[in-house]
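Reader: I'd like to go through this one slowly. Could you show it to me and then explain the words as we go?

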Amino acid sequence: MTTRTRDVLWSDVEGIYDEILHHPFVTGLRDGSLPHPVFRHYIVQDALYLRGYARSLAACAARAPEVDATVMFAEHAAGAVAAERELHAELLGDLGVDPDDLGAPAPATQAYVSYLAATVHAGSYAEAVAAVLPCYWIYAKVGEALLEAGSPDPLYQRWIDLYAGEEFQAVVDAVLDETDRVGATVPDTELTRMREHFTTTSRYEWMFWDGAYRQETWPV
């Protein structure tokens with residue numbers, strides 16, 4: 001039986017994912033102990049991140065060799081912008097933040113977006129897909145894990161429901177299928193680069209939550 005590319009990629013980051021699940025930001029979502037100012041910092045940074053992520057998805061759409069993948073990534077890019085405008089605007093309003101005045105990206109946000117942009121434009125299409133995948137897949141897995149316990153905080157439960165929902169999982173499954181399709185066509189050297197990018201952006205996922213938990217700002 002041929003090993004799927006998704007399984008190869010995930011085998012590299014199981015330890016990182018475990019660290020994410022046990023990070024105090026994520027456990028605080030589950031038990032409701034996460035302070036609202038920390039969550040507010042996260043939502044602001046996530047809104048800023050999604051702007052850059054949408055551009056990276058649009059680049060994936062432009063580079064995709066198959067029409068179906070072009071349509072998929074273009075729709076997801078538009079969906080990322082819509083999520084910022086709708087869900088984040090709603091959550092930011094509940095948290096007392098003006099959606100039109102978010103300020104500048106924090107260091108982890110800027111670094112993550114910059115890495116994605118560099119990879120999707122300078123690397124191959126397969127590398128681009130691997131780089132954008134953790135934001136889909138890890139969020140779905142975290143949402144699923146948190147849904148089992150739920151959260152006593154309605155604000156956090158709303159966030160959990162979004163990423164644990166069937167609609168989001170269908171989006172993730174489509175990207176995983178594309179990952180397997182592309183991964184089966186590339187030489188070993190390119191698969192190695194896919195693995196490196198997937199691991200790096202998985203690390204950025206941890207850093208993003210950690211930066212939010214610390215309410216990270218630029219030191220100078």
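Reader: Which residues lie nearest the centre of the second largest pocket, and how many residues line that pocket?

Author: The lining has 13 residues, and Leu48, Arg51, Gly52, Arg55 and Val113 lie nearest the centre. Before we go on: this is a predicted model, where local features need pLDDT of at least 70, side-chain atom pairs count only at pLDDT 80 or more, and totals for chains, interfaces and linings use all residues. Residues are numbered from 1 along each chain as its sequence is written, and side-chain values use heavy atoms, with hydrogens and water left out.

Reader: What makes something a pocket and something else a cavity?

Author: Both are sets of points on a 1 Å grid over the protein atoms alone: in a cavity a 1.4 Å probe fits but cannot get out, while a pocket is an open set with protein on both sides within 12 Å along at least five of seven lines. A lining residue has an atom within 4 Å of a point.

Reader: What is the volume of the second largest pocket, and which helices supply its lining?

Author: The volume is about 170 Å³, meaning the space filled by probe spheres set on the points, with grid points joined across faces, edges and corners. Helices α3 and α5 each supply at least two lining residues. A helix here is a DSSP run (H or I, at least four residues), numbered from the N terminus.

Reader: And the largest pocket, which residues are closest to its centre?

Author: That pocket has a volume of about 590 Å³. Of its 23 lining residues, Gly79, Ala80, Ala83, Leu162 and Phe168 are the closest to the centre. Two or more lining residues come from each of α3, α4 (67-94), α6 (125-149), α7 (154-164) and α8 (166-183). The most come from α4, with 8 residues.

Reader: How do the residues of that lining divide by class?

Author: There are 15 nonpolar, 3 polar and 5 charged residues. Nonpolar covers Ala, Val, Leu, Ile, Met, Phe, Trp, Tyr, Cys and Pro, charged covers Asp, Glu, Lys and Arg, and the others, Gly among them, are polar.

Reader: How many cavities of 30 Å³ or more does a search of the whole structure find?

Author: Just 1. The volume of the largest cavity is about 50 Å³. Among the residues lining it are His41, Tyr42, Phe208 and Glu216. Helices α3 (36-63), α5 (107-122) and α9 (188-213) each give two or more residues to that lining. By class, the lining has 5 nonpolar, 4 polar and 1 charged residues.

Reader: Why is Arg6 called buried?

Author: Buried means under 20% relative accessible area, exposed means over 50%, and partly exposed is in between (1.4 Å probe, protein chains only). Arg6 has 12%, so Arg6 is buried. Asp180, at 15%, is buried too.

Reader: How do you know that Arg6 and Asp180 form a salt bridge?

Author: The rule asks for a side-chain nitrogen of Lys or Arg within 4 Å of a carboxyl oxygen of Asp or Glu. In this pair the closest N and O atoms are 2.6 Å apart, so the rule is met. Arg6 lies in helix α1 (residues 5-21) and Asp180 in helix α8, so the pair ties together parts 174 residues apart in sequence. The structure holds 8 salt bridges.

Reader: Why is Arg195 called partly exposed, and which residue does its side chain meet?

Author: Arg195 has 32% relative accessibility, so Arg195 counts as partly exposed. Its side chain meets Asp12 in a salt bridge (2.8 Å, N to O). Arg195 is in helix α9 and Asp12 in helix α1, so this pair ties together parts 183 residues apart in sequence. Asp12 is partly exposed, at 29%.

Reader: What about Glu178, is that residue buried or exposed?

Author: Glu178 is buried, at 8%. Glu178 forms a salt bridge with Arg181, with the closest N and O atoms 3.0 Å apart. Both lie in helix α8, 3 residues apart, about one turn of the helix.

Reader: Which side chain of opposite charge is nearest to Glu205?

Author: Arg203, but it is 13 Å away, and Glu205 is buried yet has no salt bridge. For charge, Lys and Arg count as positive and Asp and Glu as negative, while His and the chain ends are not counted. Glu205 sits in helix α9. Leaving aside neighbours within four places in sequence, Glu205 is in contact (heavy atoms within 4.5 Å) with residues including Ile20, Tyr49 and Tyr112.
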